[in-house]
Amino acid sequence: MENQQGDSSIISDQVKVNGNLTPLTLTTEGKLQWTTEKGQHSLTVEKEVLGFTIQGSEIIIKAVTEKRDGIFCSASAGGGALARKDFVFEPLSDESLHLWCQHLRDYINSLGRPKRLFIFVNPFGGKKSALKIYFDAVKPLLEDADVQITVQETKYQLHAKEVVRAMDLTKYDGIVCVSGDGILVEVVNGLLEREDWNAAIKMPLGTVPAGTGNGMVKSTLDSAGEPCTASNAVVAIIRGHKCSLDVATILQGDTKFFSVLMFAWGLVADIDIESEKYRWMGSARLDFYGLQRMLCLRQYSGRISFVPAPGFEAYGEPTRYNGEFTSTQSSINPGQEQHVKAEQYSYQGPDVDLTNLEWRTINGPFISVWLHNVPWGGEGTMAAPDAKFADGNLDLILIKDCPKLGLLALMTNLSDGGHVKSPHVMYLKVKAFILEPGQRTKDPTRGGIIDIDGEVLARGNGTYKHDQKTLMTYDKLQITVDQGLATLFCPVQQ
């Protein structure tokens with residue numbers, strides 16, 4: 001039969017809703033349509049239906065709807081926070097009940113949704129609310145969608161990386177991080193350090209906001225005009241849409257680290273890392289300590305070199321690539337040989353000849369050097385408004401000099417990306433990057449902090465917790481980009 005919208009129906013039959021008979025139709029366009037005394041109703045299966053259960057003679061549709069000012073609305077349009085809602089239909093016969101279940105199951109299965117997820121929960125991140133978010137929002141929605149879940153609480157730093165390196169990925173359709181951005185970064189590094197990294201990195205990754213920054217999940221949800229809530233993030237994962245994500249390789253000698261969010265040196269890094277002493281304040285710590293740092297502003301000597309993306313060749317002065325970053329094995333002793341062989345089977349970074357590219361350079365001093373892979377650095381910080389998930393570029397936000405009042409005005413525009421329009425900011429896209437970090441201009445005995453995805457990559461002398469060991473030294477390092485290497489769950493197919 002044809003419905004009123006002209007869509008062909010997969011199945012249409014009389015059912016009871018609240019004791020009243022009404023026609024219920026599942027269209028080939030994936031819409032459930034019915035009528036009550038309050039008018040016509042519709043659910044879009046792909047966007048709003050999570051799954052269904054059978055209770056006696058009734059079909060209970062597990063759905064999500066937008067909740068605005070306490071009123072439930074259709075979630076098809078998008079833009080609002082999502083809440084769970086059940087819709088109950090009672091077919092008039094066992095045969096009708098069986099047919100409805102079969103067609104609903106077949107249609108949902110045709111959407112290619114994940115059926116088995118491995119979930120990391122970081123109980124230490126942000127305000128230590130990840131477990132509550134998991135039990136209140138994540139678990140109920142995944143159960144509604146009939147997703148099999150395996151949960152692992154992270155016990156210490158790099159725990160997630162260790163688990164991912166050894167786990168059997170064939171058992172899962174995706175990995176989800178209920179955390180801030182740090183666990184996602186660990187997962188990416190773990191996947192790329194496997195011998196089967198080329199297949200492993202195709203594993204779809206999802207994030208649910210439960211940390212301080214939540215920049216990656218904010219970026220994915222905002223790209224579809226959706227709010228950054230746990231429920232919206234989980235539903236995006238359930239829907240199973242995917243997008244590609246650039247991965248940056250940071251190289252210093254034989255040491256590598258893989259980044260998906262951001263790289264910072266100077267003001268942003270100092271605020272991000274040194275504000276940890278106020279972690280109990282949650283995300284407010286960044287604003288609080290940021291004001292302190294602007295009042296006592298630091299500048300750093302140093303130099304940056306980069307390969308500009310097309311359209312940004314006017315920035316900096318011409319220079320040549322210095323290929324000091326090629327890993328060498330001449331000094332390897334026999335005890336290291338097995339480790340080196342294992343390393344050779346893991347991902348080595350993008351295969352690109354940097355010597356033949358057009359390099360540019362800018363000398364310091366610098367207030368802030370900030371590279372971003374996605375638009376949002378946190379829920380309230382649109383660091384790089386023009387950043388794309390998989391364009392093969394990093395967005396560089398550079399501040400060399402700025403009066404304190406101008407800097408304060410600039411930082412207040414971070415919430416909407418307006419800071420990049422400041423005359424004190426250089427905003428450009430780069431395909432490769434080299435940092436040569438220096439000392440504070442007013443105190444040459446002290447260096448700076450290099451921050452990668454919210455964690456310390458290197459510390460100079462005299463910095464916050466400078467006695468703690470870091471992955472790299474406070475010295476020259478190189479960044480290259482592998483376009484679209486990783487895969488993310490996202491609200492809409494991209």
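**Exercise 1. Classify the burial of Phe135 and of the ring paired with it.**

Solution. In this predicted model, phenylalanine 135 has a relative accessibility of 48% and therefore counts as partly exposed, since that class lies between the 20% limit for buried and the 50% limit for exposed. Tyrosine 134, at 4% relative accessibility, counts as buried. The two ring centres are 5.0 Å apart with planes at 75 degrees, so the pair of tyrosine 134 and phenylalanine 135 is edge-to-face. Tyr134 is also included in a nonpolar core of 30 residues.

**Exercise 2. Determine which parts of the chain are tied together by the pair of Phe118 and Tyr172.**

Solution. Begin with the geometry: the centres of phenylalanine 118 and tyrosine 172 are 5.3 Å apart and the planes stand at 80 degrees, which makes the aromatic pair edge-to-face. Next, locate the partners. Phenylalanine 118 belongs to strand S9 (residues 116–121), whereas tyrosine 172 is in the loop between helix H4 (159–166) and strand S11 (174–179), so the pair connects parts 54 residues apart in sequence. Finally, assess burial: phenylalanine 118 counts as buried because its relative accessibility is 7%, and tyrosine 172 likewise counts as buried at 15%. The whole structure contains twelve aromatic pairs.

**Exercise 3. Identify the ring cluster that includes Phe87, and the charges placed over Phe87 and Phe366.**

Solution. Trp34, Phe87 and Phe89 are linked into a cluster by ring pairs. Over the face of phenylalanine 87 lies lysine 85, 5.7 Å from the ring centre. At phenylalanine 366, the charged end of lysine 400 sits over the ring, at 5.0 Å from its centre.

**Exercise 4. Describe the largest nonpolar core and the surroundings of Phe263.**

Solution. The largest nonpolar core comprises 87 residues, and those with the most contacts inside it are Ile175, Val187, Phe263, Ile304 and Phe433. Helix H5 (residues 181–192) supplies the largest share of this core, namely seven residues. A second core of 30 residues is separate and includes Val208, Ala236 and Ile237. For phenylalanine 263, residues up to four places away in sequence are set aside; the residues touched then include Val369, Trp370, Leu371, Phe433 and Leu435. Also among them are Ile450, Asp451 and Ile452, as well as Leu457, Leu477 and Ile479. In soluble globular proteins, nonpolar side chains tend to be buried together.

**Exercise 5. Analyse the hairpin formed by S22 and S23.**

Solution. Strands S22 (residues 449–452) and S23 (residues 455–459) pair in the antiparallel sense through four bridges. Isoleucine 452 has glutamate 455 in S23 as its bridge partner. Two residues separate the strands of this hairpin, in which aspartate 453 adopts a positive phi near 55 degrees.

**Exercise 6. Summarise the chain as a whole and state where its coordinates call for caution.**

Solution. The protein chain has twelve helices and 24 strands. Of its 494 residues, 54% are buried. When contacts between residues at least 6 apart in sequence are considered, 71% join residues at least 24 apart. The chain averages a pLDDT of 89, and 90% of the residues score at least 70. In residues 1–6, however, the pLDDT is below 50, and this stretch has ten contacts beyond near neighbours in sequence. Residues 326–341 also stay under 50, with nine contacts beyond four places in sequence. Where pLDDT is low, the predicted coordinates should not be read in detail.

Definitions and conventions: Residues numbered from 1 in each chain as written. Heavy atoms only, no water. Core = buried A, V, L, I, M, F, W, Y, C linked by side-chain atoms within 4.5 Å. Buried < 20%, exposed > 50% of the residue type's maximum accessible area, 1.4 Å probe, protein only. Contact = heavy atoms within 4.5 Å. pLDDT = per-residue confidence, 0-100. Phe/Tyr/Trp six-rings, centres within 6.5 Å; stacked < 30°, edge-to-face > 60°. Lys NZ or Arg CZ within 6 Å of the ring centre and 35° of its normal. Pairing = 2+ DSSP bridges.
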